Amino acid sequence: MAGAAERGPTDAPLVGRSAELTRVRAVVDRVAGGQGRMLLLAGPAGIGKSRLLEEATALAGDRGFVMLRGGARVLGRGLAYAPILEALGPYLRALAPGQRVRLLDGLADLGRLFTDLHLPPTEPLGDPALERTRLFEAVARLLARMAERAPVVLAMDDLHWADTATAELLHYVARGVSGHPILILDAYRSGEAARQPALQALVQDLRRAGLAEELRLGGLAPEAIRSPARAVLGGEPPPALVELLAARAAGSPLITTTLGQRARTQRWPVPQRRRLDPRAKRGGTRPDPRPRPGPWPAAARDR
């Protein structure tokens, strides 16, 4: 589970994010040195949060971090702790039985999450709030134990879709990681945080306490559009096409790629600027009569 991150088929070159990667590397280095941290990647849909999350997780994996990865789903908002189960479950089930028993010794409250691990039953406390606190503490102790062997990264994508219980658990855990090599890495849509009170409270409280930092992603600069366009088209894109992609995509890497794929598959003609028609009156122009690209696709969304 520790070691180099697996690179998937979506690993196109990350372009135009050198400043963001510098900050990510600094956080990974800090956590590897024993100073736990939460890093929040925020931005609008399609801006490249998930791609940067993958790159950050891979950087941590290359440093020997144990990788725990989960994500929220739009249809999973009513499923308590679903992202936590997705992140921790595969790791725990992959352990050898003896190793799992030693790691989970004294953490019977985790049985409330993982019924298939056959942990000793816990006595009902008669207080749901206290039982939830004990569960949170068990998760925090589990991560701390794991971090005694190797640094840990807990990566969560699409946190704006997470249930309230997951946000509360992450908040609890993040408040106790400062003395452990644990990186909590989350990505979410900044525009939806205001509609998610638990997420908004998590971000504000942890930033105010100095336990988290937020990295807001903006659109790619026009000169950075050329690289993803080149990757999609399989060759150097005409300058006029790059200019049009930059204008239409508004700096979104996802939309740039989508439009580039449409241009390639439909063999769009190269867009041309409006040009002066000598038959027009002085100071006037007529549209260029040459063919124009077909309709542009609707803005795509990231995961």
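In the predicted model, glycine 34 adopts a positive phi of about 105° at a position just after helix H1. The helix that precedes this glycine spans residues 18–32 and contains 15 residues. From its first C-alpha to its last, H1 reaches 21 Å, close to the 21 Å expected at 1.5 Å a residue.

The two sides of H1 differ in their exposure. Glu20, Leu21, Val24, Val27, Val28 and Val31 are buried. Viewed down the axis of H1, these buried residues fall within an arc of 120°, so they line one face of the helix. Ser18, Ala19 and Thr22, by contrast, are exposed on the other side of H1. The partners of the buried residues were also identified: they pack against strand S1, helix H2 (49–62), strand S4 and strand S5 (212–216).

Strand S4, one of the elements against which H1 packs, comprises residues 182–189 and is mostly covered, with 8 of its 8 residues buried. Its side chains alternate in direction. Ile182, Ile184, Asp186 and Tyr188 point one way from the strand, while Leu183, Leu185, Ala187 and Arg189 point the other way. Burial applies to both sets, and thus to the charged residues Asp186 and Arg189 as named among them.

Strand S4 is paired with two other strands. Strand S1, which covers residues 37–43, is joined to S4 by 7 bridges, and the two run parallel. Within this pairing, arginine 37 stands opposite leucine 183 of S4. Strand S3, formed by residues 152–157, is likewise parallel to S4 and is joined to S4 by 5 bridges. Here valine 152 stands opposite isoleucine 182 of S4. The connection between S3 and S4 involves helix H6 (residues 164–174): S3, H6 and S4 together make a right-handed β-α-β unit.

These elements belong to a protein chain whose secondary structure comes to 11 helices and 5 strands. Of the 303 residues in the chain, 47% count as buried. Contacts between residues at least 6 apart in sequence were also examined, and 75% of them join residues at least 24 apart. The chain exposes about 15,500 Å², of which carbon and sulfur atoms supply 53%.

Key:
Residues numbered from 1 in each chain as written. Predicted model: local features only at pLDDT ≥ 70, side-chain atom pairs only at ≥ 80, totals over all residues. Heavy atoms only, no water. Buried < 20%, exposed > 50% of the residue type's maximum accessible area, 1.4 Å probe, protein only. Helix = DSSP H or I, 4+ residues; strand = E, 2+ residues; numbered from the N terminus. Pairing = 2+ DSSP bridges. Right-handed = clockwise from strand over helix to strand, strands pointing away. Expected span 1.5 Å × (residues − 1). Arc of directions from axis to C-beta. Contact = heavy atoms within 4.5 Å. Areas by Shrake-Rupley, 256 points an atom, 1.4 Å probe, with all protein chains shown as cover.
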